[in-house]
Amino acid sequence: MGGLDLHRPPYNTGNKTWQYNDHYVAEQDSFRHSKWLSFMERRLTLAKKLLKTTGVIIVAIGDDEHHRLRMLMDEIFGSNNFISDVVWQGGRKNDSRYVSNGADYMLIYSKDEASTTASGIRWREERPGAETVLAAGTEAWNESGQGPDTATALLRKWFSSLPKDHPAKRDGNYNYNRIDAQGRVFYANDLRSPSPRPNLQYDLLHPVTGEVTMRHPNGWAYSRESMDALIEEGNIWFDTDNTRLPRLKKYLDEQGFQVAMSIFDKDRRASSRHLQSVFRDKRFPFPKDHEVLMRWIRLIAPKDSIVLDFFGGSGTTAEAVIRLNAEDQGTRQCILVTNNELSAKDDAALRKAGHQPGSAEYEAKGVFHHVTKPRIETVVTGVRQDGSAYSDGLPANVEFLDLAYLEESRVHAALEYESLAPLFWLKSGAVGSVVQRTEDTQDYEWNEESSMAVLFNAGKAAELAELLATKPNQVKHVFIITDSPEQGDLAGEAFGDEITVQPIYGSYLDAFQINRSDS
């Protein structure tokens with residue numbers, strides 16, 4: 001699995017719209033920046049531990065702390081693991097006295113760039129408009145009766161009919177304006193050598209006329225052996241006679257991807273309008289843009305990756321992953337973490353009305369209960385909190401869990417299974433629902449939809465194994481709760497190779513210590 005951390009920490013602009021850790025750092029505080037960096041350091045250090053070796057972290061940040069954050073990330077992740085400082089130009093500020101500082105930044109670091117390179121990972125995204133050109137090429141090929149010359153003329157006519165700003169005419173798509181005898185759209189690329197070399201000076205014969213073709217004074221870009229192979233494979237284009245230079249075919253269906261630029265434009269107001277359409281009101285300022293996140297997750301993270309956002313805010317990252325999975329049938333998992341902070345305005349109003357932190361009235365206005373949870377529920381179910389229809393919904397498996405501190409003595413005494421069961425469920429793949437222990441549980445618990453099963457009585461391993469082998473289920477991971485390593489190992493032998501078995505000895509928490517160096 002791939003690993004991706006996506007974060008938008010508080011920008012530390014002095015804006016008191018939302019609070020963190022239930023208090024503010026005053027804008028006039030001379031230690032404001034160092035306190036913010038200390039706040040970030042602890043979280044980024046933990047994030048690094050959570051990442052797998054080829055994992056990547058993206059942190060969105062504004063001007064105020066951008067330069068300080070990059071120095072901190074150089075220190076934590078290493079400057080050699082820096083990948084890019086992406087600039088998001090989100091609009092023009094005409095009320096600015098000097099310059100429209102409308103840009104945000106995305107600092108991208110790898111956990112270990114050398115490992116990422118060694119793994120062969122290359123980030124590429126679809127060239128905008130390429131699919132449209134390919135579809136037009138197929139239509140031209142069929143309309144021509146599968147004649148390459150007629151099909152090429154039809155494709156070029158189609159290009160000419162498009163407005164200048166059409167996506168099919170951008171990013172070099174217009175160069176792919178020929179169709180060969182196999183019906184493939186291609187660009188006739190230059191075959192000349194960048195500099196004269198004796199071994200690249202040789203004659204090519206035209207395949208129809210048999211005459212020597214024109215050759216650039218520098219010679220060809222490939223050796224004789226390589227050129228012969230390209231001609232044999234049909235990858236060299238020859239004009240109708242020998243008076244024009246042969247060219248290399250670059251097929252659009254192989255070149256329809258491109259590297260992302262480090263600067264992009266997208267109106268930042270779109271994200272606010274989108275969130276308003278979800279809630280039909282303005283309840284969260286300046287949310288992240290789910291389409292921007294979809295683009296970068298699609299570009300960076302594999303379809304089976306785990307995406308973690310521990311500054312969850314309004315829930316944009318979760319929506320982006322849910323929509324992306326629906327788009328390409330991916331199995332990405334998203335872990336979103338947020339506290340339940342309130343806006344400064346709501347905090348003051350509720351306290352004045354006598355509602356203190358912890359009360360139902362106060363907590364209901366927190367970002368989790370008021371924004372994050374209802375947003376995700378609305379996107380997935382297609383129904384808003386008030387019962388009105390928002391959409392047809394999206395397929396997703398969502399659980400809302402509480403983070404809490406547990407007494408270590410109760411954990412060691414095996415009295416906190418209910419609180420820790422979600423950790424087992426996440427480790428098993430988070431399919432279906434969390435398997436909880438009920439009053440009737442004696443030996444084991446499982447259900448047909450969940451990816452986890454739990455064995456409480458090691459002596460019943462064979463019985464549970466038989467059930468899993470004979471009944472339809474999604475179980476991929478069996479947890480054996482025991483304080484005996486010998487019993488746990490023996491019980492694990494009852495299950496087949498397709499099921500991962502993990503005995504949980506002693507403290508449940510010990511099984512979840514962070515150790516991602518080789519994962």
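**Surroundings of Asn235, the open sheet and a helix crossing**

Setting aside neighbours within four places in sequence, Asn235 makes contact with Leu230, Arg247, Leu248, Lys249 and Tyr251. In this predicted model, Asn235 sits in the loop that links α6 (224-232) to β8 (236-237). Its relative accessibility is 17%, and because residues under 20% are classed as buried, Asn235 counts as buried.

The contacts of Asn235 with Arg247, Leu248, Lys249 and Tyr251 lead naturally to strand β9, which spans residues 247-251. Strand β9 runs antiparallel to strand β7 (residues 185-189), and 4 bridges join the two. Within β9, Leu248 stands opposite Asn189; Leu248 is also one of the residues in contact with Asn235.

These strands belong to an open sheet of 4 strands, arranged in the order β6-β7-β9-β8 with antiparallel pairing. The edges are taken by β6 (178-179) and β8, each of which has a single partner strand, so one side of each is left without a neighbour in the sheet.

Turning to the helices, α8 (residues 269-279) and α13 (residues 367-381) have axes that come within 10 Å and cross at roughly 75°. The two helices are therefore roughly perpendicular to each other. On the α8 side, the contact is made by His274, Leu275, Val278 and Phe279, while α13 contributes His370, Val371, Pro374, Arg375 and Thr378. By residue class, this contact comprises 5 nonpolar, 3 polar and 1 charged.

Terms used:
Residues are numbered from 1 along each chain as its sequence is written. This is a predicted model: local features need pLDDT of at least 70, side-chain atom pairs count only at pLDDT 80 or more; totals for chains, interfaces and linings use all residues. Side-chain values use heavy atoms; hydrogens and water are left out. Axes are lines fitted to C-alpha atoms, for helices over the stretch in contact, and angles run from 0 to 180 degrees between N-to-C directions. Angles under 35 degrees count as roughly parallel, over 145 as roughly antiparallel, 65 to 115 as roughly perpendicular and the rest as oblique. Contact means heavy atoms within 4.5 Å. Ala, Val, Leu, Ile, Met, Phe, Trp, Tyr, Cys and Pro count as nonpolar, Asp, Glu, Lys and Arg as charged, and the others, Gly among them, as polar. Buried means under 20% relative accessible area, exposed over 50%, partly exposed in between (1.4 Å probe, protein chains only). Two strands pair if DSSP finds at least two bridges between them.
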